[in-house]
Amino acid sequence: QMTSDIDSRVWVCPIVTLRSEALVCVSAEHSIVTVWSQTSSLRARDDSFPLPRPGGGRMETHIRKIESSRKRFLSKIVAIMCVLAFTIGGASAANADYFAGGMPSKKNSVKYVGINSTYVNQFDNARFRWNALSGVTFGKSNSAKNTMTAARYSSSWYGLYTSKGPRNNSRTFTIQVNARSLQAASGGNMSKWIASTSTHELGHALSLKDNPNTSKSSLMKYSRNRSTVIGPQSYDVSEVKRIY
């Protein structure tokens with residue numbers, strides 16, 4: 001099970017397989033939309049719909065009934081899968097702003113990996129912005145399984161969030177910040193863009209998805225001004241309260 005979110009405009013929706021209930025989500029902030037799925041082995045036993053013996057002149061009718069019954073059965077299976085895809089993790093399927101790759105709790109710890117003092121300060125401040133919310137804690141620990149790091153990656157994304165495991169206490173996440181693409185796009189505002197991106201990526205750990213369907217200001221929007229929208233906005237705060 002793996003879930004990713006990229007601060008660079010790609011979103012891949014949750015897909016559920018009946019056999020393994022594997023969940024795969026990817027989202028990003030750079031104008032590409034990609035969706036892929038995993039397939040399940042679905043079996044409808046033919047002997048569930050016994051045919052009459054040949055010779056009665058009604059074989060074709062019964063075959064049509066079987067095919068019709070099969071289609072109805074498979075349609076129900078597909079409908080159930082769609083419902084499962086949007087309800088795993090306990091969030092409301094009716095709200096499109098829920099990100100399935102988030103953590104099961106508002107209290108999490110992270111470990112910083114391979115960064116200099118500039119990024120240590122940036123990541124600290126990103127945590128503090130979320131910690132100002134009631135009940136939210138992003139602690140820092142060298143023994144934490146969740147990690148935050150930064151490097152000059154060749155990809156175009158600004159930040160990448162990846163979570164692994166089912167939505168329970170075994171789930172972990174990794175956040176990567178791309179110094180190369182941020183430097184190229186931010187002009188003289190790189191420090192602010194790093195702050196906005198780092199805080200944005202931590203928002204995914206709180207189950208907030210990219211580009212929420214609202215006219216209100218949001219840290220999670222693609223179109224935000226990264227020089228001014230650095231911390232969670234009132235809409236983001238209300239969504240965290242709704243989800244948890």
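What share of the 244 residues in the chain is buried? In this predicted model, buried residues make up 45% of the chain. Let's walk through the fold and see where some of them sit.

Start with the layout. The chain has five helices and eight strands. Reading from the N terminus, the order of elements is β-β-β-α-β-α-β-β-β-β-α-α-α. So much for the outline; a few of these elements are worth a closer look.

Take helix 4, which covers residues 190-205. At 1.5 Å a residue, its 16 residues should span 22 Å, and the end C-alpha atoms are 23 Å apart, so expectation and model agree. Of those 16 residues, 13 are buried, so helix 4 is largely enclosed by the rest of the structure. Trp 193 brings in two contacts here. The charged end of Arg 226 sits over the ring of Trp 193, 5.4 Å from the ring centre. Trp 193 also comes within 6.8 Å of Leu 182, C-alpha to C-alpha, with their positions 11 residues apart in sequence. Leu 182 itself belongs to helix 3, residues 179-186. With a relative accessible area of 0%, Leu 182 is buried.

What follows helix 4? The answer is Ser 207, a residue with a positive phi, near 70°. As background, most residues other than glycine have a negative phi. Ser 207 lies in the loop between helix 4 and helix 5 (234-243). Its relative accessibility is 0%, so Ser 207 counts as buried. The loop between helix 4 and helix 5 also holds Asn 211, another non-glycine residue with a positive phi, this one about 50°. Is Asn 211 buried or partly exposed? Its relative accessible area is 34%, and with buried meaning under 20%, Asn 211 comes out as partly exposed.

Now for the aromatic rings. The structure has six aromatic pairs. One of them joins Tyr 112 and Phe 123: the ring centres are 5.5 Å apart and the planes stand at 70°, so the pair is edge-to-face. Tyr 112 is in strand 4 and Phe 123 is in helix 2 (residues 117-131), so this pair ties together parts that are 11 residues apart in sequence. Both partners are buried. Tyr 153 and Trp 157 make a tilted pair, with 5.0 Å from centre to centre and 35° between the planes. Trp 157 has a relative accessibility of 10%, so it counts as buried. Elsewhere, ring pairs connect Phe 99, Tyr 161 and Phe 173 into a cluster.

Next, the empty space. Rolling a probe the size of a water molecule over the atoms shows where empty space is left. The largest pocket has a volume of about 200 Å³. Which residues lie nearest its centre? They are Met 103, Asn 108, Asn 146, Asn 169 and Arg 171, out of 14 lining residues. Strand 4 (residues 107-113) contributes the most to this lining, with three residues. Sorted by class, the lining of the largest pocket has eight polar, three nonpolar and three charged residues.

There is also space that is closed off. The structure holds one cavity of 30 Å³ or more, and the largest cavity has a volume of about 30 Å³. Asp 97, Leu 208, Lys 209, Pro 212, Ser 218, Met 220, Tyr 235, Asp 236 and Glu 239 line the largest cavity. How does that lining divide by class? It has four nonpolar, four charged and one polar residue.

One last stop takes us to Ser 105, in the loop between helix 1 (59-87) and strand 4. Ser 105 has a relative accessibility of 28%, so it counts as partly exposed. Its C-alpha is 9.4 Å from that of Arg 167, although the two residues are 62 residues apart in sequence.

Terms used:
Residues are numbered from 1 along each chain as its sequence is written. This is a predicted model: local features need pLDDT of at least 70, side-chain atom pairs count only at pLDDT 80 or more; totals for chains, interfaces and linings use all residues. Side-chain values use heavy atoms; hydrogens and water are left out. On a 1 Å grid over the protein atoms alone, a cavity is a set of points where a 1.4 Å probe fits but cannot get out, and a pocket is an open set with protein on both sides within 12 Å along at least five of seven lines; lining residues have an atom within 4 Å of a point. Grid points are joined across faces, edges and corners, and a volume is the space filled by probe spheres set on the points. Helices (H or I, at least four residues) and strands (E, at least two) are DSSP runs, numbered from the N terminus. Ala, Val, Leu, Ile, Met, Phe, Trp, Tyr, Cys and Pro count as nonpolar, Asp, Glu, Lys and Arg as charged, and the others, Gly among them, as polar. The expected span of a helix is 1.5 Å times one less than its number of residues. Buried means under 20% relative accessible area, exposed over 50%, partly exposed in between (1.4 Å probe, protein chains only). Rings of Phe, Tyr and Trp (its six-membered ring) pair if their centres lie within 6.5 Å; planes under 30 degrees apart count as stacked, over 60 as edge-to-face and the rest as tilted. A charge sits over a ring if NZ of Lys or CZ of Arg is within 6 Å of the ring centre and within 35 degrees of the ring normal.
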